[in-house]
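Good morning, and thank you for joining. Please take a moment with the sequence and the structure before I begin.

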Amino acid sequence: EGIPPGQYCEPTMTTVGSQDTTGPMTRDELKSLACLGFSADLVMQSFCHTAAYPKPVDVVTHHTLPDFIQTRGGVSLRPGDGIIHSWLNRMLVPDTVGTGGDSHTRFPLGVSFPAGSGLVAFAAATGVFPLDMPESVLVRFTGTMQPGITLRDLVQAIPYTAIQNGLLTIEKKGKKNVFSGRVLEIEGLPDLKCEQAFELSDASAERSAAGCTIKLNKEPVIEYLQSNVVMLKWMISEGYGDPRTLERRIARMEDWLANPHLMEADDNAEYAEIIEINMDEIKEPILALPNDPDASALLSEVAGDKIDEVFIGSCMTNIGHFRAAGKLLADKKSATLPTRLWVSPPTKMDAAQLSEEGYYSTFGTAGARMEMPGCSLCMGNQARVEPGCTVVSTSTRNFPNRLGQGSNVYLASAELAAIASIEGKLPTVEEYMSYMSTVDATAGDTYRYLNFDELPEFVEASDKVEISDEMREAAKKLSIL
């Protein structure tokens, strides 16, 4: 059973995401399809790309697109809510398929195949997606993460290792890329939290992969869905629509939680390539070099490079990254930073929690420029760094001129970015490890994630929301399909 590579199929679209720069085009496509109601189970619209610095045309979109989506049974976020993926991931049902009009629609649960506005509209309207099933590349992590090493280093270890194995080249002419157009399957990290898993799946976009799956144990998925059920009920209590769609999705999540199960690869599965990465051998951070997310180097190879600006934000970050950065900044010796620091949490919930814990005060004292939750510098169409400067960024990609005209951008972890903002340069490995000893010592407190079922405000709101029998029955029928 199953779909072998090369076979045409039309997978059911359980979750579809639309973002605001392509949303108006998706709306036009939906009109041309005469779509008056979505067939996909959940369609969500975000406004993370234009909310912070809207042009007049964006303001019109902010006012008109939510109603268009909601009257067709979709869910619309609001300007200022934050990044599409940080919300959409919390609406996922395990082992399902989806798509989205953003190249980073890369689910940490199930699999997604990002697409352009036309295919996104087709998927939303018809509930299916035309697909020639791609081959897969397996990345298998072994060993144990070493002190001071972060998940972002494991993200960059994938292209770094592929280059060493002759499976990826940097030169554009005749470029070789084993990941291009294939599904990147990752295993060997089964106990990652789902927020952490997304950091790996998200970066499959920079590998030009068609999609990504990550093999997780049930426990982190159960924890994630229990939290997400509460968040979706809170959304209903806050007036987000369409409430029937949110109810139906909650019911599907609860059905899964009642009988949790996860698909696994067949024992005899075949792959285009298998890449082994031994974490015991990763002793120092791995960065993406200016200005190509594939180009990779060890910290020791670039230490000392002067840094002008630092960006901590994008869908590659979660609340733990900002706590780590805040703790590092709180311990800095000088009164002012030698760099310009930008900080943009992924969602308004992250921002509220960080503010409550005092981290906004720390960032402000350090002189950081606090951005509205959303894409910020990562998108390249809003605020910009100074022309010609050198940047350490936690963003998804560092293509030429994306963050600023003529800028040279390293991609690295939030922890390394924070250290670079304090030092004004890329630190030596020894300096980095000295800083990280503080972070590692309080890792249990730092790397806590937003479990909404443990936050009183969200629990109290969710307790007031009842799921109708009609939506529970609809969810059961969908789960059977």
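I shall go through the sheets, then the helices that pack on them, and finally a surface patch and the salt bridges.

Please keep in mind throughout that this is a predicted model.

I begin with the sheet of 5 strands. It is open, its strands follow the order 4-3-2-5-6, and the pairing is parallel. Which strands stand at the edges? They are strand 4, residues 75-76, and strand 6, residues 111-112. Each has a single partner strand, so one side of each is left without a neighbour in the sheet.

Strand 5 deserves a closer look. Strand 2, residues 13-18, pairs with strand 5, residues 97-100, in the parallel sense over 4 bridges. Within that pairing, Thr-15 stands opposite Gly-98, and Val-16 stands opposite Thr-99. Strand 5 also runs parallel to strand 6, to which 2 bridges join it. There, Gly-98 stands opposite Ser-112 of strand 6. As for the side chains, Val-97 and Thr-99 point one way from strand 5, while Gly-98 and Gly-100 point the other way. Are these residues buried or exposed? All of them are buried.

Two helices that lie across this sheet should be mentioned. Helix 4, residues 117-126, lies across strand 2, strand 3 (42-45) and strand 5, and runs at about 135 degrees to strand 2. Helix 8, residues 243-258, lies across strand 2, strand 3 and strand 4, at about 130 degrees to strand 2.

I turn to another sheet. This one is open as well, with 4 strands in the order 10-9-8-11 and parallel pairing. Here strand 10 and strand 11 stand at the edges; each has a single partner strand, so one side of each has no neighbour in the sheet. From one strand to the next, the twist averages 20 degrees. Strand 8, residues 136-142, and strand 9 run parallel and are joined by 5 bridges. One of the pairs to note here is Leu-138, whose bridge partner in strand 9 is Glu-185. Helix 5 packs on this sheet, where it touches strand 8, strand 9 and strand 11, and its direction makes about 125 degrees with that of strand 11.

Next comes helix 6, residues 194-202. How many of its residues are buried? The count is 9 of 9, and the helix is mostly covered. Among the buried residues are charged ones by name, including Glu-195, Glu-199 and Asp-202, alongside Phe-198 and Leu-200. What do the buried residues of helix 6 pack against? Their partners are helix 3 (84-88), helix 5 (151-164), strand 9 (183-187), strand 10 (211-214), helix 7 (218-237) and helix 10 (319-330).

At the surface, Leu-33, Leu-119 and Phe-122 make a nonpolar patch of about 230 Å². Leu-33 is placed in the loop between helix 1 (23-32) and strand 3. With a relative accessibility of 39%, Leu-33 counts as partly exposed.

I close with the salt bridges, of which the structure holds 26. In one of them, Arg-207 pairs with Asp-294, and the closest N and O atoms are 3.0 Å apart. This pair links distant parts of the chain, 87 residues apart: Arg-207 is in the loop between helix 6 and strand 10, and Asp-294 is in the loop between strand 12 (286-288) and strand 13 (296-298). Both Arg-207 and Asp-294 are buried.

In another pair, Glu-264 forms a salt bridge with Lys-215, with 3.7 Å between the closest N and O atoms. Glu-264 is in the loop between helix 8 and strand 11 (273-278), and Lys-215 is in the loop between strand 10 and helix 7, 49 residues apart. Glu-264 is exposed, with a relative accessible area of 58%, and Lys-215 counts as partly exposed at 40% relative accessibility.

Arg-340 and Glu-309 also meet through their side chains in a salt bridge, at 3.9 Å from N to O. Arg-340 lies in strand 15 (residues 340-344) and Glu-309 in strand 14 (residues 309-313), so the pair ties together parts that are 31 residues apart in sequence. At 31% relative accessibility Arg-340 counts as partly exposed, whereas Glu-309 counts as buried at 3%. Finally, salt bridges that share partners join Arg-323, Lys-327, Glu-357, Asp-445 and Arg-448 into one network.

Methods
Residues numbered from 1 in each chain as written. Predicted model: local features only at pLDDT ≥ 70, side-chain atom pairs only at ≥ 80, totals over all residues. Heavy atoms only, no water. Pairing = 2+ DSSP bridges. Contact = heavy atoms within 4.5 Å. Axes fitted to C-alpha atoms, helices over the stretch in contact; angles between N-to-C directions. Buried < 20%, exposed > 50% of the residue type's maximum accessible area, 1.4 Å probe, protein only. Patch = residues over 30% accessible without salt bridge, like charges linked within 9 Å, V, L, I, M, F, W, Y side chains within 5 Å. Areas by Shrake-Rupley, 256 points an atom, 1.4 Å probe, with all protein chains shown as cover. Salt bridge = Lys/Arg side-chain N within 4 Å of Asp/Glu carboxyl O.
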